[in-house]
Amino acid sequence: MTGGVNPPGAAAVPCIAPKARLQRDEVRRRDVLLYPEGLVALNETGTAILQLCDGTRSLAEIVATLKQRYGAEGIELDVTAFLGALAAKGLVTYGSPPR
Amino acid sequence: MIPKPLWLLAELTYRCPLQCPYCSNPLDFAGGRFKHELATDEWCRVFREARALGVLQLGLSGGEPLLRPDLETLVATAHELGLYSSLITSAYRLTRDRLAALKRAGLDHVQISVQAADAELSDHIAGTASYRDKIAAYHYTRELGFPLTVNVVLHRKNLHQVEAMIRLAESLGAERIELANTQFYGWAFHNRNALMPTKAQLDTAWEVVLRERARLGNRLEIVWVLPDYHEQYPKPCMGGWARAYMTVTPGGEVWPCHAAGRITTLQFANVRDHPLEWIWSESEAFTRFRGDSWMPEPCRSCPRKALDFGGCRCQAFLVAGDAGVTDPVCSLSSHRRLVDAAVAEAEQAAAAAELPSEWVYRAAPASRAIAAKG
């Protein structure tokens, strides 16, 4: 992360930034995150994470949902790193958890 | 295997209320070649065919795309197809209502040019009083929730304002500012002597960019488009010829980039006569320089050919007179002296404190006069 932003806590609520949009790319059989003048190609996991970033779920809830769905342990770091890289490009924003 | 395109630049019209002397449109834009603009249903078919080929990013450009009364329909069609649409506009006389209608139609992103950081210089460079409309339009994009790119083309007469340009974009709350050093094609090539910056100007501006990037972090993305005449190696133009990108002109010709129509040794197909898929895969203009089998030395045996694809075919044609040679910007090109001479001329004029030569504004009468001269 640039700009001295602290890593988000488990209660932070990630959301796809308004300038970005998830889109199916049928021609290349993948999903992409489109934004001004660019795109990020996603694998299946990336799509699954971003589909949960709808501004209602906390990071902890997203990780729990993915664990349940895929039966995978120890995915917190992967999810945080993936979202952190997108946040550094301004494609994901973190909101505060509801108080 | 033939690569699939990602980008389509739709040049909806070459009509424009601005007259910027570095315009990338063809010098003969007012001539018969571009006269009969594609109709709404023809553009919609082009968008559908482009999407089926793999295009995901759509630039709606011109000229001034707002002059098309069917722009909302075109945006709505692009949105239905899943294309990410960017409006590339001067914002001249753009109202809040029109922009709101484009938002409802599904427009994703707005890029508005400004010619300098203040009204006097901006209007002088544009040749049309337009600064006030641009500032108003920047605010409309904020109110309507559009991501905003501020675009400024840099050259000798505005490079001293780079810091003020960045501060302007920051104060507007823009996501991006594109500081695009003039690339010498179209009108910019015609006006090269008047626009060419000095090395000192570029060095000072670059220091400002580095300092402002450090200050702003990810609050504002500062894109710096390299001044390639002052570089040692060519740019990877369009990410390689016919690899990811195509331009459809107002009259339906399809080009591998927005400057390629100037290359008189290529045949360009038209969407009125051929499916886009055939044009992309098989037409002469797209196949001639695709891949690297066309490359002469020094490119052929150069390890950099995978990085820069031999540079720019249009620049090779404009400067060296042959689209099939190494980009003359490359320090390994036998034509590099032609680029050095253009740079040296600007340096000598600056050293002698001469005023830069006057430019020709991009306007229909000048275009017709240039076309008549051949």
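A residue counts as buried if 20 or more other C-beta atoms lie within 10 Å of its own, and as exposed if 12 or fewer do. In this predicted model, that cut-off places B:Phe309 among the buried residues, because 25 C-beta neighbours lie inside 10 Å of B:Phe309. The backbone of B:Phe309 also deserves a look, since this residue has a positive phi of about 55 degrees although B:Phe309 is not a glycine. Along the chain, B:Phe309 sits in the loop that runs between α12 and α13 (313–320) of chain B.

A second non-glycine residue with a positive phi is found in chain A, where the phi of A:Arg29 is about 50 degrees. A:Arg29 belongs to the loop between β2 and β3 of chain A, and its surroundings can be judged by the cut-off already given: A:Arg29 counts as exposed because it has 7 C-beta neighbours inside 10 Å.

The strands on either side of that loop lead to the contact between the chains, to which chain A gives 15 residues and chain B gives 17 residues. On the side of chain A that touches chain B, the elements that give two or more residues are β2 (21–25) and β3 (30–35), and the largest share, three residues, comes from β2(A). Sorted by class, this side of chain A holds seven nonpolar, four polar and four charged residues.

Further along chain A, helix α1 (residues 44–52) and helix α2 (residues 59–70) have axes that come within 10 Å and cross at roughly 135 degrees. Angles over 145 degrees would count as roughly antiparallel and those from 65 to 115 as roughly perpendicular, and α1(A) and α2(A) are therefore oblique to each other. The crossing in which α1(A) passes α2(A) is right-handed. From α1(A), the contact is made by A:Ala48, A:Ile49 and A:Leu52, and from α2(A) by A:Ile62, A:Thr65 and A:Leu66. Divided by class, the residues of this contact are five nonpolar and one polar, with no charged residue.

Returning to chain B, the reader can find two cis peptide bonds in its loops. One of them joins B:Gly62 and B:Gly63, with an omega of about 10 degrees, and B:Gly63 has its place in the loop between β2 (57–61) and α2 (71–81) of chain B. The other joins B:Glu297 and B:Pro298, with an omega of about 5 degrees, and B:Pro298 is found in the loop between α11 (284–287) and α12 (305–308) of chain B.

Note on methods. Residues are numbered from 1 along each chain as its sequence is written. Chains are lettered from A and ligands numbered from 1 in the order in which they are written. This is a predicted model: local features need pLDDT of at least 70, side-chain atom pairs count only at pLDDT 80 or more; totals for chains, interfaces and linings use all residues. Two residues are in contact if their C-beta atoms, placed from the backbone, lie within 7 Å. Helices (H or I, at least four residues) and strands (E, at least two) are DSSP runs, numbered from the N terminus. Ala, Val, Leu, Ile, Met, Phe, Trp, Tyr, Cys and Pro count as nonpolar, Asp, Glu, Lys and Arg as charged, and the others, Gly among them, as polar. Axes are lines fitted to C-alpha atoms, for helices over the stretch in contact, and angles run from 0 to 180 degrees between N-to-C directions. Angles under 35 degrees count as roughly parallel, over 145 as roughly antiparallel, 65 to 115 as roughly perpendicular and the rest as oblique. A crossing is left-handed if the near helix is turned anticlockwise from the far one by less than a right angle, and right-handed if clockwise.
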